[in-house]
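Here is a short report on one protein chain. Look over the sequence and the model before reading on.

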Amino acid sequence: MAIKSRFTVTMGDVFPHGAYVVSEVEPVRDFDKSSAGRPVQQTDKESGLPVWSVSVLDADPEARRADKTVVVKIAAVHQPVPPEAAAGLPFRPVEFDGLTVTPYVAENGGRPRVAYSFRASGMRAPGNHGAKPAPHKANQDAA
């Protein structure tokens, strides 16, 4: 059996205590194709879609400080829009659809450790399993 580099996981596997958006959604720069003054957005190797990134806070109270904030990359035609802020919360709760994880070895200062890269196909407000994904930026601009 061939092992793929990306493993499908559920939201509960990765963020059992929930996750919160703590940054803007931004295009991921393709450093190999970009040049000075001409940035090129990275595309997903499997789908060919543009890749966007968003930083999220892992709400696990036992997570180490270095692991509290992670980046999730989202392959989508248009810039994904985070869910609306929830009343009384300083951050926007989020769930990811099509979540995958890729383990890799990170060598920081000569001390290798296992790290993880997260990807998703979309994001939405928690509990909206049957709802449509959050509107894309292009759709909001047209409204």
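## A buried acid without a partner

Asp30 is buried (under 20% relative accessible area, 1.4 Å probe, protein chains only), yet Asp30 has no salt bridge. A salt bridge needs a side-chain nitrogen of Lys or Arg within 4 Å of a carboxyl oxygen of Asp or Glu. The nearest side chain of opposite charge, Lys33, is 4.2 Å away. Lys and Arg count as positive, Asp and Glu as negative; His and the chain ends are not counted.

This is a predicted model: local features need pLDDT of at least 70, side-chain atom pairs count only at pLDDT 80 or more, and totals for chains, interfaces and linings use all residues. Residues are numbered from 1 along each chain as its sequence is written, and side-chain values use heavy atoms, without hydrogens and water.

Asp30 sits in the loop between β3 and β4. Strands are DSSP runs (E, at least two residues), numbered from the N terminus. Beyond four places in sequence, Asp30 touches Val40, Gln41 and Gln42; contact means heavy atoms within 4.5 Å.

Phe31 lies in the loop between β3 (26-27) and β4. Phe31 is exposed (over 50%), with a relative accessible area of 67%.

Distances around this loop:

| Pair | Distance |
|---|---|
| Asp30 side chain to Lys33 backbone nitrogen | 3.1 Å |
| Phe31 to Gln41, C-alpha to C-alpha | 8.6 Å |

Now the confidence. pLDDT is the predictor's confidence in each residue, from 0 to 100. The protein chain averages 86, and 86% of the residues score at least 70. Over residues 131-143, pLDDT stays under 50.

Methods. Helices (H or I, at least four residues) and strands (E, at least two) are DSSP runs, numbered from the N terminus. A polar contact is a pair of N or O atoms within 3.5 Å; within protein, one must be able to donate a hydrogen and the other to accept it, and residues adjacent in sequence count only if both atoms are side-chain atoms.
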